[in-house]
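Me: I would like to go through this model by question and answer. Start with the charged pairs, please.

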Amino acid sequence: MQNTYYQKTIVRWSDLDANRHLANSSYMNFTSFTRIAFLRDFGISMKDLGKLQIGPAILHEQFSFFREAYEGEEIYITVEIDGMSEDGMLYTFVHNLYRKDGTHLCHSQLTGVWFSLIDRKMKAPPAEMLAQLKKSVGERKIKTLTKADLKKLPSFPQNIDPTTFKNM
């Protein structure tokens, strides 16, 4: 797996659910932890994002669970950029979680955008940040995303009449 970034962690008691295995929400926390470490290790810190007034916004994330993980187990989380728009504003990340012995626990894919914390709208990252993201890809071929890809996401908001809640 060329250009794959890895993070290692230990399943803690607080990561478990009522079945005493890794909770679904913990998988999401582990992938988020790994993405932030990935950005930091490629020269994009939370401090930098704060100065730029930009942040990552996840639009869609899906998980497929294969095996359980238990308290005290060492697990490895991978992250790769799977797709990105020309300007870097749109991106997809792929994660896989493995036991120390290589057993595949979970697969995750997400679609997100860079987001202006001032305008509260999608915003392309500055050129220097985009260069750092491209470094992580290296020579590997990735999908080129466009705004049309956002329309392919499986769900869209459907507002309802708020008086519906008064009857509950």
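Me: How many salt bridges does the count come to?
Reply: This is a predicted model, and side-chain atom pairs count only at pLDDT 80 or more. A pair needs a Lys or Arg side-chain nitrogen within 4 Å of an Asp or Glu carboxyl oxygen. By this rule, the count comes to 7 salt bridges.

Me: Which residue forms a salt bridge with Glu 80?
Reply: Glu 80 sits in strand β3, and its partner is in the loop between α3 and β6 (143–145). The two are 60 residues apart, so the pair links distant parts of the chain. The closest N and O atoms are 3.8 Å apart, and the partner is Arg 140.

Me: Are Glu 80 and Arg 140 buried or exposed?
Reply: Buried means under 20% relative accessible area, and exposed means over 50%. Glu 80 falls in the former class, and Arg 140 does too. Both ends of this salt bridge are buried.

Me: How many residues apart in sequence are the parts tied together by Lys 143 and Asp 82?
Reply: The side chains of Lys 143 and Asp 82 meet in a salt bridge, at 2.9 Å from N to O. Lys 143 belongs to strand β6 and Asp 82 to strand β3, so the parts tied together are 61 residues apart.

Me: What is the relative accessible area of Lys 143?
Reply: Its partner Asp 82 counts as partly exposed, at 21% relative accessibility. Lys 143 is partly exposed as well. The relative accessible area of Lys 143 is 46%.

Me: Asp 149 and Lys 152 also meet in a salt bridge. Does Lys 152 count as buried or exposed?
Reply: The N to O distance in this pair is 3.4 Å. Asp 149 counts as partly exposed, at 23% relative accessibility. Lys 152 has 62%, and over 50% is the cut-off. So Lys 152 counts as exposed.

Me: Which side chain makes a polar contact with the side chain of Glu 73?
Reply: Glu 73 lies in the loop between β2 (54–65) and β3. Beyond four places in sequence, Glu 73 touches Thr 9, Ile 10, Val 11, Glu 68 and Arg 99. The polar contact spans 2.8 Å, and the side chain is that of Arg 99.

Me: Which element supplies the largest share of the largest nonpolar core?
Reply: This core has 18 residues, and Phe 38, Ile 81, Phe 93, Trp 114 and Leu 133 have the most contacts inside it. At least two residues each come from α1 (24–41), β3 (74–85), β4 (90–99), β5 (104–116) and α3 (127–137). The largest share is 4 residues, and it comes from α3.

Me: How many residues are in the second, separate core?
Reply: Val 11, Leu 16, Leu 22 and Leu 105 are among its members. The count for this core is 11 residues.

Me: How far is the backbone oxygen of Gln 62 from a polar atom of the Ser 108 side chain?
Reply: Ser 108 is in strand β5. Ser 108 counts as buried, at 0% relative accessibility. Leaving out residues up to four places away in sequence, its contacts include Gln 62, Phe 63 and Phe 93. The distance from the Gln 62 backbone oxygen is 3.4 Å.

Me: What is the area of the nonpolar surface patch made by Ile 160, Phe 165 and Met 168?
Reply: One of its members, Phe 165, lies in the segment after α4 (147–150). Ile 160 and Met 168 complete the patch, and its area is about 390 Å².

Definitions and conventions:
Residues numbered from 1 in each chain as written. Predicted model: local features only at pLDDT ≥ 70, side-chain atom pairs only at ≥ 80, totals over all residues. Heavy atoms only, no water. Core = buried A, V, L, I, M, F, W, Y, C linked by side-chain atoms within 4.5 Å. Buried < 20%, exposed > 50% of the residue type's maximum accessible area, 1.4 Å probe, protein only. Polar contact = N/O pair within 3.5 Å; in protein donor to acceptor, adjacent residues only side chain to side chain. Contact = heavy atoms within 4.5 Å. Patch = residues over 30% accessible without salt bridge, like charges linked within 9 Å, V, L, I, M, F, W, Y side chains within 5 Å. Areas by Shrake-Rupley, 256 points an atom, 1.4 Å probe, with all protein chains shown as cover.
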